[in-house]
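Here is a short note for a colleague who is opening this model for the first time. Please read the points in order.

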Amino acid sequence: MERQNYKNHRKFYPPHHFIYLPLLILLEVFGIYKIFNDEPDTLTWILFSIVIFLIFYLAIMVRQHYALGLQNRLVRIEFKQRYFEIFNQRSDEVEKKLKFDQIAALRFAYDNEFKELLYRALHENISGDKIKKSIKNWRADQHRI
């Protein structure tokens, strides 16, 4: 795998992102097309389009809801553990002052940059995206889903 950095750190699941969802979009477009071009079966195509839309919506929402919810919890736990290892203190008060995007971005920084970027996040309120862009030596997360 190519060395991970800001530009390539996002991950896709090809069967879901490039086959299943595009297929549902094509079916939805086809259903909408047929609503206007198949008058005898308009109601059937409306129902078809509604069902496809609901399947599409559920496919996105359920997958995202569970995966991201769990992943976000793990990122927070990782932050707490790392903070404790670096500073030998609990992170509860610090964590309350940070937004989730800042916590998530800090995991890509090695310990020396982590300290500096954490300070900037707390005192300058820099965004998670700005934290990621400021990282000089990217700490890859190869296990992200």
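**Notes on the model**

1. Start with Glu116. Its relative accessibility is 39%, so Glu116 counts as partly exposed (between 20%, under which a residue is buried, and 50%, over which it is exposed; 1.4 Å probe, protein chains only). Glu116 lies in helix H5. Helices here are DSSP runs of H or I, at least four residues, numbered from the N terminus. The C-alpha atoms of Glu116 and Asn37 are separated by 61 Å, and the two are 79 residues apart along the chain.

2. A word on the source. This is a predicted model, where local features need pLDDT of at least 70, side-chain atom pairs count only at pLDDT 80 or more, and totals for chains, interfaces and linings use all residues. Residues are numbered from 1 along each chain as its sequence is written, and side-chain values use heavy atoms, without hydrogens and water.

3. Now the core. The largest nonpolar core (buried Ala, Val, Leu, Ile, Met, Phe, Trp, Tyr and Cys joined through side-chain atoms within 4.5 Å) has 20 residues. Phe79, Leu98, Leu106, Phe114, Leu118 and Ile131 have the most contacts inside it. Helices H2 (42-87), H4 (100-106) and H5 (111-123) each give two or more residues to this core.

4. Look at Leu98. Leaving out residues up to four places away in sequence, Leu98 touches (heavy atoms within 4.5 Å) Phe79, Ile103, Leu106, Leu118, Ala121 and Leu122.

5. Last, helix H1. Its buried residues are His16, Leu21, Leu24, Glu28, Gly31 and Ile35. They pack against H2.
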